[in-house]
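Here are a few friendly exercises for getting to know a protein from its sequence and model. Have a look at the display first, then work through them one at a time.

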Amino acid sequence: VVEDNYSLAQSLKSLFESYGCRRCEMVANVEAGLELIDRTSFDVAVLDIQLDGENVTPIAQRLRLQGTPIIYVSGYSDLQMLPRELRGYSRLDKPVEPAELLSNVLAVLQRA
């Protein structure tokens, strides 16, 4: 989970863990996200698009190169903020409904 709002990130982490996620990591900025990618792998990544003024593009690009599925959860509806190659991933509006997010995560994992 890459999210600059700690309360939301913690809520997402708790949601995933309550549904059986064995390990869920949270980071709040691009630098921490890139460091996390360097030291571990993921089944799926949930990304906010804007992180306290930073765009999530460097993280999404690295995950894309690794083949990691991405789901954007953002208050920004305009994916034009992202390079074209990063716009094809699922995007959910904040505030996200837990059932909708879980459904998207499961769908992404089934395709992977």
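The exercises below go from the whole chain to a single residue, and the model they use is a predicted one.

**Exercise 1. The overall fold**

Find how many helices and strands the protein has, and the order in which they run.

*Solution.*
- Step 1: Count the elements; the protein has 4 helices and 5 strands.
- Step 2: Read them from the N terminus on, which gives α-α-β-β-β-α-β-β-α.
- Step 3: Now consider the overall size. The radius of gyration is 13 Å, close to the 13 Å from the globule rule for 112 residues, so the protein is as compact as a globular protein of that length.
- Step 4: For the extent, take the C-alpha trace, which spans about 30 × 30 × 30 Å along its principal axes.

**Exercise 2. Inside and outside**

Work out what share of the residues is buried, and what the exposed surface is made of.

*Solution.*
- Step 1: Of the 112 residues in the protein, 38% are buried.
- Step 2: Turn to the outside: about 6,400 Å² is exposed, and carbon and sulfur atoms supply 46% of that area.
- Step 3: Add the charges. The protein has 11 positive and 16 negative ones, and the mean positions of the two groups are 7 Å apart.

**Exercise 3. The nonpolar cores**

Identify which elements build the largest nonpolar core, and which of them gives the largest share.

*Solution.*
- Step 1: This core has 19 residues, and Val2, Leu47, Val56, Ile59, Leu63, Tyr72 and Leu82 have the most contacts inside it.
- Step 2: At least two core residues come from each of α2 (30-39), β1 (45-47), α3 (57-66) and β4 (70-74).
- Step 3: The largest share is that of α2, with 4 residues.
- Step 4: Another core lies apart from this one; it has 15 residues, including Val46, Val73, Val96 and Val105.
- Step 5: Zoom in on Leu63. Leaving aside residues up to four places away in sequence, Leu63 touches Ile37, Phe42, Ala45, Leu47, Thr68 and Ile70.

**Exercise 4. One residue in a helix**

Decide whether Asn104 is buried or exposed, and say which residues Asn104 touches.

*Solution.*
- Step 1: Locate Asn104 in helix α4, which covers residues 98-111.
- Step 2: Compare its relative accessible area, 18%, with the cut-off for buried, under 20%. Asn104 is therefore buried.
- Step 3: Not counting residues up to four places away in sequence, Asn104 touches Ile71, Ser90 and Leu92.

Terms used:
Residues numbered from 1 in each chain as written. Predicted model: local features only at pLDDT ≥ 70, side-chain atom pairs only at ≥ 80, totals over all residues. Heavy atoms only, no water. Rg over C-alpha atoms; globule rule 2.2 N^0.38 Å. Buried < 20%, exposed > 50% of the residue type's maximum accessible area, 1.4 Å probe, protein only. Areas by Shrake-Rupley, 256 points an atom, 1.4 Å probe, with all protein chains shown as cover. Lys, Arg positive; Asp, Glu negative; His and termini not counted. Charge placed at Lys NZ, Arg CZ, Asp CG, Glu CD. Core = buried A, V, L, I, M, F, W, Y, C linked by side-chain atoms within 4.5 Å. Contact = heavy atoms within 4.5 Å.
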